[in-house]
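Student: I have a structure to study. Can you take me through it?
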Amino acid sequence: MLADLAGLRDVVDAVVCPGNLTRRFLVGPAGFDPTRVRHIPNGADGPTVPRVTGPPGGPLRLVYVGRMSEGDKRVSDLPRLCRTLGDRGIDYRLTVVGDGPARDAVAAGMAPFAERAEMLGALPVRKVYEEIYPRADVLLLFSASEAFGIVLAEAMRNGVVPVTSRYVGFQSEGLVVEGTHGLSFPVGDTAAAADRVAALAADRALLARLSAAGTRHADEHYSWERCLSAWEQALGTLAEAPSRAVSAETLRRTFADRPALSGRLDRLGVPRAVTDIIRRARRTTLRAAVPPGGEEWPLFRGGPADRRAWVQQELERLESGAAAAGVARRPNGAPLKSKLI
């Protein structure tokens, strides 16, 4: 997505980013005008039913909620963690909620731990709020990167303590501050993840402190009221400002390598309104016609491979710098002066 967007720098009026690392990339390496980029974190709902406390001395209740994909979410770390926790004699119960291309592989890996772990597949958000979060102590996240990490905000608003990888974006966002709102571990280090889980299993007072602090933090910074208020302000500012003036030469240069007709129906001359109806019907009946794992961002071309590699390199550089400086970023609140494309 960022590789695609970087090529549109000279024609996009403004960008709103849920993640601060995205904003830092756009106003830094990508060269966007800082007044045209705003960071507005996503919101999350608070609890809908009271929490259900586990029995004293009972197992630590773990939950994973998210897409079952390997490259970004690293879900194969789930069975590795279960194996390590079992080897260390940690008493736990794990509930896995979600679906995706790696579900069958993860299910096979989790089979030896069926007495302690269950896979429920995809659930409606309402059921997650009513049945999963209220009965969970710890949320697990193994991701290599996250644009924001909304499941962390959801968990904290519901009193669930994150044990999360230090994904690319973790330090820049400050969504979870290590030792204050949750615990973290290096990406792919399931032994370190097991250490964090074991610490919480052994020290329920620490678990309670992190839960309370995380809830206060998420209620203050990641409510939908705060998110939508920021969007209202941003859109109001944009509506009052003139659109960006873009020359014909800039448009030609920007879109020179972007085919106007991207699909078979387009190339056959089928009207756009009709192709939209056909594609919506296909998604409803046969699922989206995109490669496995691409369902979240199916419309972005991504740009050349070297541009994608450059984006990845720059994101990792920016995040490493934030981690080295110990920086936990907050929304910058910079005013926008022109319209969203």
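Tutor: Here are some questions and answers on helices, cores and salt bridges.

This is a predicted model, in which local features need pLDDT of at least 70 and side-chain atom pairs count only at pLDDT 80 or more, while totals for chains, interfaces and linings use all residues. Residues are numbered from 1 along each chain as its sequence is written, and side-chain values use heavy atoms, with hydrogens and water left out.

Student: What span does helix α10 reach from its first C-alpha to its last?
Tutor: Helices (H or I, at least four residues) and strands (E, at least two) are DSSP runs, numbered from the N terminus. Helix α10 covers residues 224-240, which is 17 residues. The expected span is 1.5 Å times one less than the number of residues. For α10 that expectation is 24 Å, and the model comes close to it, at 24 Å.

Student: Why do the buried residues of α10 lie on the same side?
Tutor: Buried means under 20% relative accessible area, exposed over 50%, and partly exposed in between (1.4 Å probe, protein chains only). The buried residues of α10 are Cys227, Ala234 and Leu238. They share a side of α10 because they cover an arc of only 40 degrees around the axis, taken from the directions from the helix axis to the C-beta atoms.

Student: Which strand do those buried residues pack against?
Tutor: The face of α10 turned away from the buried side carries exposed residues, including Glu225, Leu228 and Glu232. Contact means heavy atoms within 4.5 Å. The buried residues of α10 pack against β2 (37-39).

Student: Is threonine 164 buried or exposed?
Tutor: Threonine 164 lies in strand β7 (residues 161-165). Leaving aside neighbours within four places in sequence, its contacts include Leu141, Leu152 and Phe170. Its relative accessible area is 0%, so threonine 164 is buried.

Student: How many disulfides does the structure hold?
Tutor: A disulfide is a covalent bond between the sulfur atoms of two cysteines. The search looks for a pair of cysteine sulfur atoms within 2.5 Å. Across the whole structure, the number found is zero.

Student: Which helix gives the most to the largest nonpolar core?
Tutor: A nonpolar core is a set of buried Ala, Val, Leu, Ile, Met, Phe, Trp, Tyr and Cys residues joined through side-chain atoms within 4.5 Å. The largest has 34 residues, and Leu140 is one of those with the most contacts inside it. The helix that gives the most to this core, with six residues, is α8 (residues 190-202).

Student: How many residues are in the other core?
Tutor: This core lies apart from the largest one. Among its members are Ala44, Tyr129, Ala153 and Phe170. Its residue count is 24.

Student: How many residues apart are arginine 157 and aspartate 219?
Tutor: A salt bridge is a side-chain nitrogen of Lys or Arg within 4 Å of a carboxyl oxygen of Asp or Glu. Arginine 157 and aspartate 219 meet in one, at 2.9 Å, N to O. The pair links distant parts of the chain, helix α6 (residues 150-157) and helix α9 (residues 204-221), and the two residues are 62 residues apart.

Student: Which residue forms a salt bridge with arginine 317?
Tutor: The closest N and O atoms of this pair are 2.7 Å apart. The partners sit three residues apart in helix α14 (residues 305-325), so about one helical turn separates them. Arginine 317 is partly exposed at 47%. Its partner is glutamate 314.
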